[in-house]
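Dear colleague,

Please find below the structure that I am handing over to you. The notes after it set out what was found, and I would be grateful if you read them with the model open.

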Amino acid sequence: MSSVAQTKKFFPRRDWGEVLAQSLRSSDELLAALELQSADFPNGLSLAKQFPLLVPRPFVERMTKGDPHDPLLLQVLPLAAEDQLHRGFTADPLGEQSANVATGVIHKYHGRVLLLAASGCAVNCRYCFRRHFPYNENRLNHAQWQSALDYIAQDTSISEVILSGGDPLMLQDERLADLVDSIANIAHVQRLRVHSRLPVVIAERLTDQLTDILTRTRLRSSLVLHVNHPRELTPLHAERLAKMRQAGVTLLNQTVLLKGVNDNLEVLIELSEQLFNHHLLPYYLHVLDRVQGAQHFDVSSRAAYALYQQMLTRLPGYLVPKLVREEAGQPHKTPLHVF
Ligand code: SF4
């Protein structure tokens with residue numbers, strides 16, 4: 001059977017919006033789908049409501065039924081550990097609110113600016129460093145979109161616009177196309193970068209229209225996916241990403257190092273190899289941003305660096321992502337070294 005036929009067999013074609021609308025929204029629903037019970041989590045489930053569970057069904061289909069330690073499940077299930085406060089874990093670990101220079105615009109680094117193109121996500125990742133970000137104050141109306149674009153237009157040092165969120169691919173393709181056209185009208189902007197986890201959880205988001213939007217513009221476009229575990233990738237990703245790469249989109253990946261999910265040499269090696277098989281180059285391996293509610297995912301710098309050094313001995317250089325930490329107020333991401 002050809003790989004395309006296999007893809008059709010295991011991943012029937014669906015519209016990404018319809019898939020998104022059928023997402024699971026409660027721990028009870030998710031545990032029932034996986035034939036688990038709350039008693040399988042001896043430390044309990046979270047009682048907090050401000051960052052609710054949200055997970056699309058295709059991502060649930062990649063989890064192992066009956067396994068409370070499943071690495072995909074742990075990324076989306078709110079555990080009681082989230083409700084505990086820990087010293088050094090704060091609501092705004094990267095100081096983004098001070099870099100929030102205009103509504104919907106974060107300007108941290110020279111030459112690059114972040115546009116918060118959409119306030120929602122397709123999946124609520126429990127480790128998210130923006131889980132406390134005031135999206136409601138950064139939801140752009142028409143006039144504010146213009147102000148955000150004016151901010152970029154008046155600063156000729158900006159050569160790259162990064163679409164972020166929330167998740168920028170929550171925008172419908174028409175709206176995204178308008179936004180890309182508006183950015184391309186600013187002469188000093190040369191590059192467009194889209195950061196997204198949506199296509200990881202719903203591969204159908206990698207539409208032909210999205211490829212058109214990213215390739216017909218004069219901007220050089222890259223798409224950075226956020227894959228954390230090799231089991232997140234499917235044959236449908238391989239098929240759609242191959243088309244995008246052939247069309248000229250640069251495809252990269254960044255991963256967050258997460259305790260209990262991927263803090264394991266064999267998993268990280270398999271992840272790099274699977275990323276390459278799915279047309280993605282490993283770009284960054286981030287240590288966790290110390291956001292309140294995510295401390296149970298923290299891997300020490302020493303352990304992270306030891307894993308990184310072992311990866312160097314096992315993989316070709318182009319499959320070893322840069323190990324970095326993001327630090328508030330620094331002019332770039334900080335390469336991690338432990339001596
Ligand atoms: S998709 Fe990204 S922004 Fe959204 S919750 Fe997950 S990590 Fe956070």
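In helix α10 of this predicted model, the buried residues are Leu236, His237, Ala238, Glu239, Arg240, Leu241, Ala242 and Met244. The helix covers residues 235-247, which makes 13 residues. From its first C-alpha to its last it reaches 19 Å, close to the 18 Å expected at 1.5 Å a residue. Just after α10 comes Gly248, whose phi is positive at about 110 degrees.

The neighbours of α10 may be taken next. Two packed helices are described by the angle between their axes and the distance between the axes. For α9 (residues 208-216) and α10, the angle is about 20 degrees and the axes lie 10 Å apart. Angles under 35 degrees count as roughly parallel, so α9 and α10 are roughly parallel to each other. The crossing in which α9 passes α10 is right-handed. On the α9 side the contact involves Asp208, Leu210, Thr211, Leu214 and Thr215, which meet Lys243, Met244 and Ala247 of α10. By class, the residues of this contact are four nonpolar, two polar and two charged.

Helix α9 also packs with α7 (residues 173-184): their axes come within 10 Å and cross at roughly 5 degrees. The pair α7 and α9 is therefore roughly parallel as well. Here Asp173, Leu176, Ala177, Val180 and Asp181 of α7 meet Gln209, Leu210, Ile213 and Arg216 of α9. Five nonpolar, one polar and three charged residues make up the contact of α7 with α9. Leu210 of α9 thus has a part in the contact with α10 and in the contact with α7.

Ahead of α7 in the chain there is a feature of the backbone that deserves attention. Gly165 and Gly166 are joined by a cis peptide bond, with omega at about 15 degrees. Gly166 belongs to the loop between β3 (160-164) and α7.

Gly165 also appears in a long-range pair with Leu251: the two are 86 residues apart along the chain, and their C-alpha atoms are separated by 19 Å. Leu251 is located in strand β6 (residues 250-256). Is Leu251 buried or exposed? Leu251 has a relative accessibility of 5% and therefore counts as buried, the cut-off being under 20%. Leaving aside residues up to four places away in sequence, Leu251 touches Leu223, Leu241, Met244, Arg245, His279, Leu280 and Leu281. Among these, Leu241 and Met244 are buried residues of α10.

Another of the residues touched by Leu251 is His279, which lies in the loop between α11 and β7. His279 has a positive phi of about 75 degrees, although it is not a glycine. Its relative accessible area is 22%, so His279 is partly exposed.

Helix α11 (residues 265-277) has 13 residues and spans 18 Å from its first C-alpha to its last, close to the 18 Å expected at 1.5 Å a residue. Its buried residues are Leu265, Val267, Leu268, Ile269, Leu271, Ser272 and Leu275. Against which elements do the buried residues of α11 pack? They pack against β6, β7 (281-286) and α12 (301-314).

The packing of α11 with α12 has an angle of about 50 degrees, and the axes are 10 Å apart. That angle makes α11 oblique to α12. α11 passes α12 in a right-handed crossing. Leu265, Glu266, Leu268, Ile269 and Ser272 of α11 make this contact with Leu307, Gln310, Met311 and Arg314 of α12. The residues of the contact of α11 with α12 divide into five nonpolar, two polar and two charged.

Two further loop residues complete these notes. Glu35, in the loop between α3 (27-33) and α4 (57-61), is not a glycine and yet has a positive phi of about 55 degrees. With a relative accessible area of 58%, Glu35 is exposed. Pro331 is found in the loop between β8 (322-325) and β9 (334-335), and Pro331 is exposed at a relative accessible area of 52%. Pro331 and Tyr109 are 222 residues apart in sequence, while their C-alpha atoms are 5.4 Å apart in space.

With kind regards

Key
Residues are numbered from 1 along each chain as its sequence is written. This is a predicted model: local features need pLDDT of at least 70, side-chain atom pairs count only at pLDDT 80 or more; totals for chains, interfaces and linings use all residues. Side-chain values use heavy atoms; hydrogens and water are left out. Helices (H or I, at least four residues) and strands (E, at least two) are DSSP runs, numbered from the N terminus. The expected span of a helix is 1.5 Å times one less than its number of residues. Buried means under 20% relative accessible area, exposed over 50%, partly exposed in between (1.4 Å probe, protein chains only). Axes are lines fitted to C-alpha atoms, for helices over the stretch in contact, and angles run from 0 to 180 degrees between N-to-C directions. Angles under 35 degrees count as roughly parallel, over 145 as roughly antiparallel, 65 to 115 as roughly perpendicular and the rest as oblique. A crossing is left-handed if the near helix is turned anticlockwise from the far one by less than a right angle, and right-handed if clockwise. Contact means heavy atoms within 4.5 Å. Ala, Val, Leu, Ile, Met, Phe, Trp, Tyr, Cys and Pro count as nonpolar, Asp, Glu, Lys and Arg as charged, and the others, Gly among them, as polar.
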